[in-house]
Amino acid sequence: IERRNERVATYAGRVAIRQRATAVWSGMDGSLETFERAKPRGIVCVLDAFIGHPAELNATLAEEMRRWPVVASRDRIRPRHLARLMAEIAAADLLVVGSEFARETYIARGVAPERIRVIPYGVDTRQFVPAERPSSGGETLQALFVGNVSVRKGCRYLIEAVRSLPNVRLTLVGGIED
């Protein structure tokens, strides 16, 4: 996957130069070679940082493993991969994140706030419409989690919270990672 990302990013950098792009917008973990080619030519480099700061993720997972030693999370980012992500962050003129939480993780790790923009993930409100009013009690709340069931996603805390609530049924959909 890493080699593929490098090849695609190298190609994208060449295309940006050939097309005389004024900006490139590229996803995390596949941008370094694009940015290395584009920046010297004055092309603005935007990094779509779809997770919080990777070093913050590693620190959080290390803390979770100290709190819950039975789990050895596979989600930690290896040092060589972390170095690549850090180089992408440094090379980007602008980072786009999906939440204020993610923004704060980058600021906490030294990224200047003016280099970060929050664009919340969207939802089609014509298709997903809130109920007219909440139920009046006694009914079971059906909760759904879709994603990797892992320490990184906080599933342990979700399960603990649901256990403490009356009349809640939780369904987890996704692969179990930890």
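**Notes on the predicted model**

1. Let me start at the surface: L144, V146 and V173 form a nonpolar patch of about 290 Å². Patch members have over 30% relative accessible area and no salt bridge, with nonpolar side chains (Val, Leu, Ile, Met, Phe, Trp, Tyr) joined within 5 Å and like charges within 9 Å. A salt bridge here is a side-chain nitrogen of Lys or Arg within 4 Å of a carboxyl oxygen of Asp or Glu. Areas follow the Shrake-Rupley method with a 1.4 Å probe, and for residues only the protein chains shown count as cover.

2. A word on the basis: this is a predicted model, in which local features need pLDDT of at least 70 and side-chain atom pairs pLDDT 80 or more, while totals for chains, interfaces and linings use all residues. Residues are numbered from 1 along each chain as its sequence is written, and side-chain values use heavy atoms, leaving out hydrogens and water.

3. V173 belongs to strand 6 (residues 168–173); strands are DSSP runs of E, at least two residues, and helices runs of H or I, at least four, numbered from the N terminus. With 38% relative accessible area, V173 is partly exposed (buried is under 20%, exposed over 50%, partly exposed in between; 1.4 Å probe, protein chains only).

4. T10, in helix 1 (residues 2–18), is buried at 14% relative accessibility. Leaving aside residues up to four places away in sequence, T10 touches E33 and R37 (contact: heavy atoms within 4.5 Å).

5. Overall, the order from the N terminus is α-β-α-β-α-α-β-α-β-β-α-β. Of the 178 residues, 33% count as buried.
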